[in-house]
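Student: Could you take a close look at the salt bridges with me, and explain what the term covers and how open to the surroundings the residues are?

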Amino acid sequence: VTHSIPACIGSMMINSKQLDDESPVSIFAVNKCYVTVQDGTFFDGSGFAALVREGYKVRSDVNITLEFRTTAVHGVLLGVSSAKVDAVGLEIVNGKVLFHVNNGAGRITATYEPRGTNSLCDGKWHKLQANKSKHRISLTIDGNVVQTDNPYTQSTSADTNNPVYVGGYPADVKQNCLTSKSSFHGCLRNLVLTKGQQAELFDFSRAFDLRGVFPHSCPGAE
């Protein structure tokens, strides 16, 4: 077993003596247990999850789906980049969701702007789908579709080869399709990246780097 248990543990006894879990000698990636809990992964706004150590290749087509819940109006959702300019990125900026794609010729952006500034940042679950098909991109939030024109029709492949960063990214990592450096604060679940008929559901507990992220448990809405 190479990853921690996604659970709450309490009242631990060793040789009939109860351990003091209120003042540990050291602590790493352990959060308080929640009174009410939901499926999902909690991001505390300080870090990120890094997936696919060997690098994710977006190329011509990718379909990204996830669900998010937040009260913050800024935050990185997902970024996959390259050493050049090719990249894709999803972020929340001023309560809007932005889907950026650069196939090498220039960045294009699909923007979903809710009617109310905080309507996506209301602490409720929202469904997101971001689709890149060659030079075409679309963004769907809760069934509402936004598309954008791409003047660079000859450039169709995002030749990425870096890890998938979710909820933020390290300070020394370049992300060519993200404008925000704010880590996501809230909960994410059901992150799936699909290429053709091949869909991959990502398990955050198997990330090769987790900072400020608590897999498989999300505090219930107050």
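Tutor: What follows goes through the salt bridges one pair at a time.
This is a predicted model, in which local features need pLDDT of at least 70 and side-chain atom pairs count only at pLDDT 80 or more, while totals for chains, interfaces and linings use all residues. Residues are numbered from 1 along each chain as its sequence is written, and side-chain values use heavy atoms, with hydrogens and water left out.
Side chains of opposite charge can pair when their charged atoms come close. A salt bridge here is a side-chain nitrogen of Lys or Arg within 4 Å of a carboxyl oxygen of Asp or Glu, and by this rule the count comes to four salt bridges.
One of them joins Lys96 to Glu113, with the closest N and O atoms 4.0 Å apart. This pair links distant parts of the chain, 17 residues apart, since Lys96 lies in strand 8 (residues 96-102) and Glu113 in the loop between strand 9 (107-112) and strand 10 (126-133); strands are DSSP runs of E with at least two residues, numbered from the N terminus. For accessibility, buried means under 20% relative accessible area, exposed over 50%, and partly exposed in between, with a 1.4 Å probe and protein chains only. Lys96, at 29%, is therefore partly exposed, whereas Glu113, at 53%, counts as exposed.
Another salt bridge is formed by Asp203 and Arg206, whose closest N and O atoms are 3.7 Å apart. Asp203 is partly exposed at 26%, while Arg206 is exposed at 59%. The side chains of Arg211 and Asp209 also meet in a salt bridge, at 2.9 Å from N to O, and Arg211 counts as partly exposed because its relative accessibility is 42%.

Key
Helix = DSSP H or I, 4+ residues; strand = E, 2+ residues; numbered from the N terminus.
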